[in-house]
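Hi everyone, thanks for coming. I'll walk you through one protein today, going from a single residue out to the whole fold. Please have a look at the picture first.

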Amino acid sequence: MEHETPRRMRVICLSISMAVIVMPLSFILTTIVAMNIPAAYASDHVRTAWDNQDYLKFVSSTMSNDSSSLDGENATMTQFPESARGPTIPETGYLVEEIRDNLYWVTDGSYNTMFLVTDEGVVAVDAPPSIGQNYLKAIANVTDKPITHVIYSHAHLDHIGAAGMFPKNATYIAHKDTASELQRATGLASNTSAIPPVPTITFPNNYTLQVGNQTLNLDYYGNNHMPGNLFIYAPNQKTLMLVDVVFPGWVPYVYLAISDDVAGFIKAHNIVLNNYDFDTFVGGHLTRLGTRDDVVTQQEFVSDLGKAAAKANSEVRFGDIVAQVGSTADTWLLFSKYIDGVDQNCIQTMLPKWESRLGGAEAFLPTHCFAMTQAGRVDPSVSAILQNSTMPATIN
C-alpha cells in the first residue's frame with residue numbers, strides 16, 4: 001500500500017485537530033470521504049505469508065486508488081446498521097431529553113453530554129464546543145435553577161472546551177490528572193481565555209458529589225482513553241457516563257479513540273460491566289444513548305479485534321516482506337509494507353462480522369487494526385492480553 005502511510009498521517013492529524021476545533025458529524029464524515037481513507041471489503045482477496053509467500057499481497061494490490069470504492073455499487077455493499085441510528089435532531093441544532101429523575105442528556109448528533117437538576121442547582125457535565133451555547137439553552141428549557149457545579153469527564157478540549165460559558169462562581173470538579181493538564185496548558189497559552197477553567201476541586205481516585213437531593217459518583221480506575229478519564233455514575237437514575245471509550249451502535253473513533261493506553265481501554269469495558277448497575281449509558285459521542293447490551297457488543301468487538309490482531313501478528317512475517325520487496329536501503333519502506341500486510345490481514349478477519357453490526361466499521365477498521373496490532377507487538381500489557389488469543393481466518 002504505497003499511499004497508506006500518508007493517509008494514516010492525515011488521519012492522525014485529523015484526530016489531533018479534533019481536540020481543538022470541533023466539527024459537526026456530517027463534516028467529519030465528509031472529510032473522511034474526501035481524504036479517501038482506504039476501506040477493505042469482505043470481497044477483497046488478500047493472502048498473507050501464512051497462505052504462502054508467493055501470494056503475499058499488500059493493500060495497494062487489492063484496493064483501488066480511485067474513488068470507485070466510495071460510490072456506486074461498492075458504496076452500497078454494506079447496509080448501514082440500524083443500531084447506529086439515533087433520534088432526529090430538531091432544527092434548533094440540539095436535542096434535550098430526560099433520562100429519568102431530573103437527569104437529562106443533550107446531543108447535537110455528534111457529541112453527547114448530560115446534566116443533573118437538583119433542588120439546589122444544576123450540575124453540568126462537560127461542555128462540548130459543538131453544542132456550545134445550545135447547552136445553556138437546553139438547561140434553560142427544563143429549569144431556571146443556576147448552574148452550581150461543573151464536572152469534567154477528562155481534559156480533551158472537544159468535550160470541555162466551552163466550559164468558560166458557565167458561571168465563574170460555579171464549582172469545577174475533575175480528576176487531578178485533568179487539572180494538571182489544564183494547568184500546564186494555562187502556563188503554555190498566550191491566550192488563557194481559550195483554556196477551560198482549572199478545576200477547583202480535584203481528587204486522586206474517587207469522589208462523591210452530593211448536591212441537595214441528588215448524587216453523582218466520580219470514579220477513576222487508571223488510564224484508559226487518557227489519564228484522568230472518569231466513570232460518572234448517577235446511582236438513583238442507574239445511568240453511567242464514560243466518554244470516548246464506548247460508542248453505542250458504532251465502532252470507536254479512529255485508533256481505538258486515540259487511546260493513550262490500549263490495555264486500559266480494553267479493561268474499561270470489564271469495569272463498566274462488572275462495577276456498575278446501570279440501564280442507560282452516555283458515551284459522549286454520536287447519535288444516541290446506550291444500554292448495557294451496547295457495552296457488551298463493543299466488548300465483543302474489542303475482543304475480536306484483539307484476536308484478529310494476534311492472528312495477523314503471527315501470520316504476517318517480516319522476513320517474508322523483506323524477501324518480496326528485495327534489496328533496499330530504505331528500511332522504513334520495509335516496515336511500511338510489513339505494517340500494511342499485518343493491517344490487511346486483521347481487516348479481512350474482522351470485516352465480514354462487523355461491517356453490518358456497527359456503524360463506521362469499513363471506514364475505521366484500518367485504524368483500529370493498526371492500533372491493536374502495534375500495541376500487541378510492542379506494549380507488554382497488551383501483548384500479555386493477546387497472548388492466548390486465537391481466531392479463525394474469518395469471524396462468522
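Let's begin with one residue, A361, which you'll find in helix α12, covering residues 361-378. Is A361 buried or exposed? It is buried, with a relative accessible area of 2%; the cut-off for buried is under 20%, so A361 meets it. Please keep in mind that this is a predicted model, so every value I quote is computed from that prediction.

Who are the neighbours of A361? Leaving aside residues up to four places away in sequence, A361 touches V251, L351, W354 and E355. Here is another pair to look for on your screen: A361 and F80 are 281 residues apart in sequence, yet their C-alpha atoms are 9.9 Å apart in space.

Now let's step back to the whole protein. How many helices and strands are there in the protein? We have 13 helices and 12 strands. The protein has 396 residues, and 55% of them count as buried. If you take the contacts with a separation of 6 or more, 67% of them come from residues 24 or more positions apart.

Next, the sheets. As a quick reminder, strands of a sheet pair through backbone hydrogen bonds, either parallel or antiparallel. One open sheet has 7 strands in the order β1-β2-β3-β4-β5-β6-β7, and its pairing is mixed. At its edges are β1 (95-100) and β7 (201-203), each pairing on one side only. From one strand to the next, the twist averages 20°.

Let's zoom in on β5, residues 147-151. This strand is mostly covered, with 4 of its 5 residues buried. On one hand, β5 pairs with β4 (residues 122-125) in the parallel sense over 4 bridges, and V125 has I151 of β5 as its bridge partner. On the other hand, β5 pairs with β6 (residues 171-175), again in the parallel sense, over 3 bridges. There, H149 has T171 of β6 as its bridge partner.

What connects into a unit with β4 and β5? Helix α4 (residues 133-142) does: β4, α4 and β5 make a right-handed β-α-β unit. Helix α4 lies across β1, β2, β3, β4 and β5, and runs at about 35° to β3.

Moving along the sheet, β6 and β7 pair in the parallel sense over 3 bridges, with I173 standing opposite I201 in β7. Helix α6 (residues 176-188) packs on the sheet here, touching β6 and β7, and its direction makes about 110° with that of β6.

There is also an open sheet of 5 strands, in the order β8-β9-β10-β11-β12, with mixed pairing. Its edge strands are β8 (206-211) and β12 (280-282). The β11 strand, residues 239-241, runs parallel to β12, and 3 bridges join them; T239 has T280 of β12 as its bridge partner.

Last stop: a pair of helices. Two packed helices are described by the angle between their axes and the distance between the axes. For α8 (residues 262-275) and α9 (residues 292-315), the axes come within 10 Å and cross at roughly 150°. Because of that angle, α8 is roughly antiparallel to α9. The contact includes F265, I266 and H269 of α8, along with R292, V295 and V296 of α9.

That's my tour. Thanks for listening, and I'm happy to take questions!

Key
Residues are numbered from 1 along each chain as its sequence is written. This is a predicted model: local features need pLDDT of at least 70, side-chain atom pairs count only at pLDDT 80 or more; totals for chains, interfaces and linings use all residues. Side-chain values use heavy atoms; hydrogens and water are left out. Buried means under 20% relative accessible area, exposed over 50%, partly exposed in between (1.4 Å probe, protein chains only). Helices (H or I, at least four residues) and strands (E, at least two) are DSSP runs, numbered from the N terminus. Two strands pair if DSSP finds at least two bridges between them. A crossover is right-handed if, with the strands pointing away from the viewer, the path from the first strand over the helix to the second runs clockwise. Contact means heavy atoms within 4.5 Å. Axes are lines fitted to C-alpha atoms, for helices over the stretch in contact, and angles run from 0 to 180 degrees between N-to-C directions. Angles under 35 degrees count as roughly parallel, over 145 as roughly antiparallel, 65 to 115 as roughly perpendicular and the rest as oblique.
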